[in-house]
Amino acid sequence: MFNEKYETLVYKLFMQNKNPLSPHLQIYKWQISSLLSITHRIVGVINFFAITLICLWTLTLLLGQNNYQTIQIFLNTIFGKFAVISLCWTFSFHILNEIRHLIWDAGYGFDLKISKITGIIALVGSFVLTILFYFIGRNFF
Amino acid sequence: MHVSTKKWLFTKISSLILIPLMFWFLMSFVSIYDKEFFEIIGFFSNQPSKILFSVFLVVAFFFSALTISEIFEDYLHDDRIKNVANKALYLFAILIPLLTILGIYTI
């Protein structure tokens, strides 16, 4: 009798999708693995919007030189340069963390210590790669 | 092959193709973003920039659509909303690169 009622209750909760959730991000202590995992997702979404903006930037070229001037002025301001450097970082981070994921997919780097080291390399490396991208692109070398 | 396995394989293959294209695009973009109108037009109307940029856009939107649909899978619990969100995402990921590629081929 009890089992039947309990099963009905569980079924009703399941159908209403009100079953309890497991502890989420705010419950766990932050670690390099969780930090990089959520940052990878956020940066992926930012890159999606960034590439869309780049498409719009390309399409504004079709509007002619006069209409393009406003965008050119913005890109030459400090905010424009900041946006470009930020894009360098989001791309750099995504490249390095994606390489880390591909190494995992190949079956390597699962050891906890190695995973932490590769995580730190991806994070620190993203800043180094940002500087390299910017300086190589601007012909500083 | 299971549909999820296919999706995973496509994500991994596209990410492998995307990495060198991201390197190329970022260095090219940094070198031209603040240049004069005609210099940027010159960049997009010459090869190999034209073809590389087109491939970059197709692969980047393909990869993004696959990975963002995974985010929808994790955070959207209503099947109808998830379905609409996925369809809107796929439509966006086809239209935007298509329009841009058509745009640069008319420059």
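Me: How do I read a salt bridge here, say the one where Glu98(A) and Lys12(B) meet?

Reply: Side chains of opposite charge can pair when their charged atoms come close. The rule wants a side-chain nitrogen of Lys or Arg within 4 Å of a carboxyl oxygen of Asp or Glu. Glu98(A) and Lys12(B) fit, at 3.9 Å from N to O. Bear in mind that this is a predicted model: local features need pLDDT of at least 70, side-chain atom pairs count only at pLDDT 80 or more, and totals for chains, interfaces and linings use all residues. Residues are numbered from 1 along each chain as its sequence is written, chains are lettered from A and ligands numbered from 1 in the order in which they are written, and side-chain values use heavy atoms, with hydrogens and water left out.

Me: How many salt bridges does the rule find across the interface of chain B and chain A?

Reply: Five, while the structure holds eight over all chains. Arg41(A) makes one with Asp74(B), where the closest N and O atoms are 2.6 Å apart. That pair runs from helix α2 of chain A (residues 32-60) to helix α3 of chain B; helices are DSSP runs (H or I, at least four residues), numbered from the N terminus.

Me: And how do I judge the size of the interface?

Reply: It's often given as the accessible area lost when the parts come together. Chain B and chain A bury about 4000 Å² between them, 76% of it on carbon and sulfur atoms (accessible area with a 1.4 Å probe, summed over both parts). On the chain B side, Leu26(B), Tyr33(B) and Phe37(B) lose the most area to chain A, together 18% of what that side buries. Counting contacts (heavy atoms within 4.5 Å), 45 residues of chain B touch 40 residues of chain A.

Me: What about two helices packing, like α4(A) and α5(A)?

Reply: Two packed helices are described by the angle between their axes and the distance between the axes. Here α4 (residues 78-105) and α5 (residues 112-137) of chain A pack at about 145°, with axes 8 Å apart. The axes are lines fitted to C-alpha atoms over the stretch in contact, and angles run from 0 to 180 degrees between N-to-C directions.

Me: Where does Pro48(B) lie?

Reply: Pro48(B) sits in the loop between α2 and α3 of chain B. The peptide bond leading from Gln47(B) to Pro48(B) is cis, with omega near 5°.

Definitions and conventions: Buried area is the accessible area (1.4 Å probe) that two parts lose on being put together, summed over both.
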